[in-house]
Amino acid sequence: MMSWRLLRKGLLPVIAIQYSKQHTILQIFRYSSSNSLIIKKIGPITCIGLNRPDSKNRLNINLVKKLKEAIDSFEGDDSSPVAVLYGERGNFSYGYDLTEFNENPKYFNEIEDVGLLETFTSKPIVAAISGFAVGLAFDVALWCDFRIVEETAVMGGYARKFGVPISDTIARRLCYNLGVNKALDLMLTGRVLKSKEALESGIATRIVACGTGLGQAVNFGNSLANMPQACLKADRTAIISFSKKYSAAHVNDILQIKETQRLIALEEAEKGLYITESEDVRKKDS
């Protein structure tokens with residue numbers, strides 16, 4: 001069986017999977033290591049890989065733009081209900097590209113102008129966290145819906161050490177995920193967040209063994225993909241609409257998706273379910 005550990009470390013070619021209800025067929029193909037972003041489909045799951053291993057997958061302006069384009073493409077792909085975001089060669093990402101920052105005084109403004117962290121998708125995104133997810137990469141991880149965190153992974157703001165203030169978007173999202181007191185502790189001290197504390201504080205969705213993050217994230221994504229999708233989207237947007245994960249500018253879009261998917265889900269449930277004489281709910285095809 002192909003090892004997820006070898007795949008994550010980049011020791012195997014990228015795999016594409018031809019997916020069917022009966023079985024899964026592995027097909028091997030190679031990609032250029034010069035690509036800073038790798039996109040591949042594993043069954044119905046869109047896997048988006050940050051691929052700048054020589055710089056620990058630091059996020060330069062070009063990579064952030066490519067990531068935004070990939071997310072927009074995933075949003076428009078009706079065949080893929082879930083995406084997984086991960087980092088190649090053992091690190092999710094070491095965050096800001098300080099080399100580019102030193103060369104471009106508008107680096108932070110240009111990163112923010114891309115609008116990645118304010119992008120709302122109607123479908124869930126899972127982050128597979130390995131190695132470091134710090135600085136801007138920590139912000140990206142918080143933007144995702146779920147975080148499958150390897151037991152040796154390290155997360156944190158890190159901007160404190162460089163004197164870079166956090167954005168309003170991240171401040172809002174930290175309070176949403178951690179609460180005010182925990183967010184103040186993490187950001188003002190600049191300390192790191194390890195996997196055990198991340199799970200206890202609600203940042204991590206699952207903790208998994210080192211080297212298994214991508215595979216476990218894909219498995220998690222498949223469990224979501226196997227759910228009735230209209231109902232899943234309706235429930236997701238219902239929960240998000242009561243949170244402060246996104247700015248007020250997205251509220252109308254979120255509520256519209258919620259109502260649309262709710263009506264579709266109720267119609268599907270009415271057509272696909274029946275109640276037995278003992279008042280048990282059954283699928284009509286079971």
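Biologist: How do α7 and α8 lie relative to each other, roughly parallel, roughly perpendicular or oblique?

Modeller: In this predicted model, helix α7 (residues 168-178) and helix α8 (residues 180-189) pack with their axes 7 Å apart, at an angle of about 120 degrees. Roughly perpendicular covers 65 to 115 degrees and roughly antiparallel starts over 145, with the rest counted as oblique. The pair is therefore oblique.

Biologist: Thanks! What is the handedness of that crossing, and how do the contact residues divide by class?

Modeller: α7 passes α8 in a right-handed crossing. From α7 the contact uses Leu174, Cys175 and Leu178, and from α8 it uses Val180, Lys182, Ala183, Leu186 and Met187. By class, the contact of α7 with α8 divides into 7 nonpolar, no polar and 1 charged.

Biologist: Let's turn to α2 and α4. What is their relative orientation?

Modeller: Helix α2 (residues 61-75) and helix α4 (residues 107-114) have axes that come within 9 Å and cross at roughly 5 degrees. Since angles under 35 degrees get that label, α2 is roughly parallel to α4.

Biologist: Which residues make that contact, and how many of them are charged?

Modeller: On the α2 side there are Ile61, Val64, Lys65 and Lys68, and on the α4 side Tyr107, Glu110, Ile111 and Val114. The contact of α2 with α4 has 5 nonpolar residues and no polar ones, and the charged residues number 3.

Biologist: Now the strands, please. In what order do the 6 strands of the open sheet run, and which are the edge strands?

Modeller: The order is β3-β4-β5-β6-β8-β11, and the pairing is mixed. An edge strand pairs on one side only, and here the edge strands are β3 and β11 (206-208).

Biologist: How much does that sheet twist from one strand to the next?

Modeller: The 6 strands form an open sheet with mixed pairing. From one strand to the next, the twist averages 20 degrees.

Biologist: Could you walk me through the start of that order? Which residue in the turn between β3 and β4 has a positive phi?

Modeller: Strand β3 (residues 37-42) pairs with strand β4 (residues 45-50) in the antiparallel sense, over 6 bridges. Within this pairing, Lys41 stands opposite Thr46 of β4. The two strands form a hairpin with 2 residues between them, and the turn residue with a positive phi, about 60 degrees, is Gly43.

Biologist: And β5 with β6: do they run parallel or antiparallel, and what is the bridge partner of Ala83?

Modeller: Strand β5 (residues 82-87) and strand β6 (residues 125-129) run parallel and are joined by 3 bridges. Ala83 has its bridge partner in β6, namely Ile125.

Biologist: There is also an open sheet of 3 strands. Which helix packs on that sheet, and what angle does its direction make with that of β7?

Modeller: This open sheet has the order β7-β9-β10, with mixed pairing, and its edge strands are β7 (132-134) and β10 (193-194). Strand β9 (residues 154-156) runs antiparallel to β10, joined by 2 bridges, and Val154 stands opposite Lys194. The helix packing on the sheet is α5, which touches β7, β9 and β10, and its direction makes an angle with that of β7 of about 90 degrees.

Biologist: How many residues of α5 are buried?

Modeller: Helix α5 (residues 136-143) is mostly covered. Its buried residues include Phe138, Asp139 and Trp143. The count of buried residues in α5 is 8 of 8.

Biologist: Is Glu150 buried or exposed?

Modeller: Glu150 lies in strand β8 (residues 146-150). Gly213 is 63 residues away from Glu150 in sequence, while their C-alpha atoms are 5.7 Å apart. With a relative accessible area of 1%, and the limit being under 20%, Glu150 is buried.

Biologist: One last thing: where is Lys56, and what is its phi?

Modeller: Lys56 sits in the loop between β4 and α2. At 37% relative accessibility, Lys56 counts as partly exposed. Most residues other than glycine have a negative phi. Lys56 has a positive value instead, near 55 degrees.

Biologist: And for Arg89, what are the place and the phi?

Modeller: Arg89 is in the loop between β5 and α3 (98-103). Its relative accessible area is 40%, which makes Arg89 partly exposed. The phi of Arg89 is positive, near 60 degrees.

Notes
Residues numbered from 1 in each chain as written. Predicted model: local features only at pLDDT ≥ 70, side-chain atom pairs only at ≥ 80, totals over all residues. Heavy atoms only, no water. Pairing = 2+ DSSP bridges. Helix = DSSP H or I, 4+ residues; strand = E, 2+ residues; numbered from the N terminus. Axes fitted to C-alpha atoms, helices over the stretch in contact; angles between N-to-C directions. Left-handed = near helix turned anticlockwise from the far one by under 90°. Contact = heavy atoms within 4.5 Å. Nonpolar A, V, L, I, M, F, W, Y, C, P; charged D, E, K, R; others polar. Buried < 20%, exposed > 50% of the residue type's maximum accessible area, 1.4 Å probe, protein only.
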